[in-house]
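Hello,

Here is the structure we talked about passing on. Please open it alongside this message and follow the residue numbers as you read.

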Amino acid sequence: MSFKDLKLNRPILRAVAEAGYDNPTLVQEKTIPLVLNKKDVIVSAQTGTGKTAAFALPILQLLFDRQDASKKGKTIKALIVSPTRELAIQIEENFTTYSTYTNLRTTVVYGGTSIEPQKDTLKKGVDILIATPGRLLDLHKQDIVNLDYVETLVLDEADLMLDMGFIDDVKKIERLCTREKQVLLFSATIPYKVEQLAQTILNTPERVQVATNSSTSKNVNQLLYYVPKKNKIELCLHLLRNTIKGNIIIFRRTKFGVEKLEKTLLNNNYKADSIHGDKSQTARQDALTKFKKGTINILIATDVAARGIDIDSLDAVVNFDLPSIPETYVHRIGRTARAGKNGIAYSFCSADEKNYIQTIQQLIQLQLDIIDEHPYPLDPKAKPIVHKSKKTGSKHKKGRKSEASKKKKKRWY
Ligand code: AMP
């Protein structure tokens with residue numbers, strides 16, 4: 001199938017061709033006609049499948065005929081809600097690319113940065129708004145954003161949105177838009193919570209599923225290193241010196257771990273930077289830009305900070321800490337070997353993480369390749385180290401809430 005078959009008009013086709021897209025991806029093929037038919041749709045697709053264009057292109061097409069309203073007369077007709085700032089910025093970049101040859105105006109608003117310039121842009125009038133939930137509600141409260149004319153509402157990465165505690169904000173945003181709007185829900189996974197949300201806000205939705213949650217790219221070589229916890233940094237340095245080359249993302253579970261590893265790598269003269277939830281928006285964006293431009297080649301990240309970020313030409317993913325949720329492993333390694341390229345995923349497993357490996361392998365239906373030949377092997381009989389926590393349960397486990405409700409709580413990611 002070609003983009004022409006999807007009944008997109010010439011200005012959009014031209015921008016798509018200039019972006020270097022030859023043919024639509026599967027999720028685009030399935031989703032675009034449904035959106036153009038004004039259906040509500042639940043799409044289960046991960047980053048890397050081309051899901052952004054799957055909603056952006058038909059939205060632009062639907063709005064194209066009304067693109068010439070004078071700037072002041074412009075109203076927000078499409079609203080895209082994204083859980084993270086980085087993802088919101090990326091979606092806006094895509095819209096801007098695809099709308100190059102139209103008069104449609106797009107902007108993005110997110111927290112953690114000055115609100116005034118965002119107000120100025122909004123006052124000038126936009127057709128398409130991309131926003132994180134907290135800042136959007138802030139701007140609405142201040143009467144800067146009017147959602148009365150929203151015709152299409154997109155909830156991107158809905159599962160992450162709920163994991164981050166945005167459920168009430170999302171419901172509120174939905175209620176602030178008109179009743180008749182079209183709702184598109186995109187989610188990497190569709191757990192019960194997402195299904196419940198979909199039932200309350202979507203109207204007889206169509207469903208598109210392009211890959212199961214457990215699918216991992218065939219082009220990713222998945223290697224497993226058993227290593228004592230205390231030797232993980234040495235193993236990482238050893239592999240960076242001898243084995244791992246190119247653009248690398250290293251995942252750690254906590255922001256503390258991210259910072260510690262970053263210091264070590266910088267002390268060893270590696271070009272590294274990091275992103276995690278405690279860094280300012282500017283610092284996070286700065287790190288990403290440096291990574292994309294090649295000023296640095298190692299990015300250290302927590303899962304939440306890195307979710308949804310699209311980075312071309314990633315050569316390797318290092319799971320310095322294994323994720324406790326097996327789907328997170330799939331998300332992480334899905335960042336390498338995009339678009340038919342090859343990639344390698346290195347996973348470090350200490351004694352206390354052995355259970356995680358089992359659940360990951362069950363999910364992906366694949367055994368990782370165990371690499372024994374390295375200087376820091378784990379004693380096969382090593383007992384897991386049990387950390388005694390002072391309290392049962394963590395007061396931080398709920399994750400990030402909206403900007404408005406954050407109240408300076410310390411977060412671990
Ligand atoms: P996404 O899943 O939206 O994050 O997209 C992943 C990457 O695929 C982005 O870099 C897009 O620019 C790219 N992309 C999207 N659609 C296509 C297409 N039809 N052909 C080639 N690349 C695409």
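Below is what was found, going from the whole chain to a sheet, its helices and the ligand.

Keep in mind that this is a predicted model. The protein chain has 413 residues, and 54% of them are buried. Its secondary structure comes to 15 helices and 14 strands. Among contacts between residues at least 6 apart in sequence, 77% join residues at least 24 apart.

The sheet

Strands of a sheet pair through backbone hydrogen bonds, and the pairing can be parallel or antiparallel. In this chain, seven strands form an open sheet with parallel pairing. Going across the sheet, the order is E10-E11-E9-E12-E13-E8-E14. Strand E10 (272-275) and strand E14 (369-370) are the edge strands, each pairing on one side only.

For one pair in detail, look at strand E12 (residues 316-319) and strand E13 (residues 343-349). These two run parallel and are joined by four bridges. Which residue of E13 is the bridge partner of Val-317? The partner is Ala-345.

Helices against the sheet

Helix H10 (residues 232-242) lies across E13 and also across strand E8 (220-226), strand E9 (248-251) and strand E11 (298-301). The angle between H10 and E13 is about 155°. Helix H12 (residues 281-293) lies across E9, E10 and E11, and runs at about 135° to E10.

Helix H11 (residues 255-267) is worth a separate look. From its first C-alpha to its last, this 13-residue helix reaches 18 Å, close to the 18 Å expected at 1.5 Å a residue. Which residues of H11 are buried? They are Lys-255, Gly-257, Val-258, Leu-261, Glu-262, Thr-264 and Leu-265. The cover over these buried residues includes helix H10 and the strands E9, E10 and E11. Just after H11 comes Asn-269, which takes a positive phi of about 65°.

The ligand

There are 13 residues around the ligand, and those that come nearest are Tyr-21, Gln-28, Gly-48, Thr-52 and Asp-310. Backbone atoms of other residues also approach the ligand:

- Asn-23: a backbone N or O atom lies 2.8 Å from a nitrogen atom of the ligand.
- Thr-49: a backbone N or O atom lies 3.1 Å from an oxygen atom of the ligand.
- Gly-50: a polar backbone atom is 2.8 Å from an oxygen atom of the ligand.

If you want a place to start, find Val-317 and its bridge partner Ala-345, then trace the strand order outward to the edge strands E10 and E14.

Regards

Definitions and conventions
Residues are numbered from 1 along each chain as its sequence is written. This is a predicted model: local features need pLDDT of at least 70, side-chain atom pairs count only at pLDDT 80 or more; totals for chains, interfaces and linings use all residues. Side-chain values use heavy atoms; hydrogens and water are left out. Two strands pair if DSSP finds at least two bridges between them. Contact means heavy atoms within 4.5 Å. Axes are lines fitted to C-alpha atoms, for helices over the stretch in contact, and angles run from 0 to 180 degrees between N-to-C directions. The expected span of a helix is 1.5 Å times one less than its number of residues. Buried means under 20% relative accessible area, exposed over 50%, partly exposed in between (1.4 Å probe, protein chains only). A residue is near a molecule or strand if one of its heavy atoms lies within 4 Å of it. A polar contact is a pair of N or O atoms within 3.5 Å; within protein, one must be able to donate a hydrogen and the other to accept it, and residues adjacent in sequence count only if both atoms are side-chain atoms.
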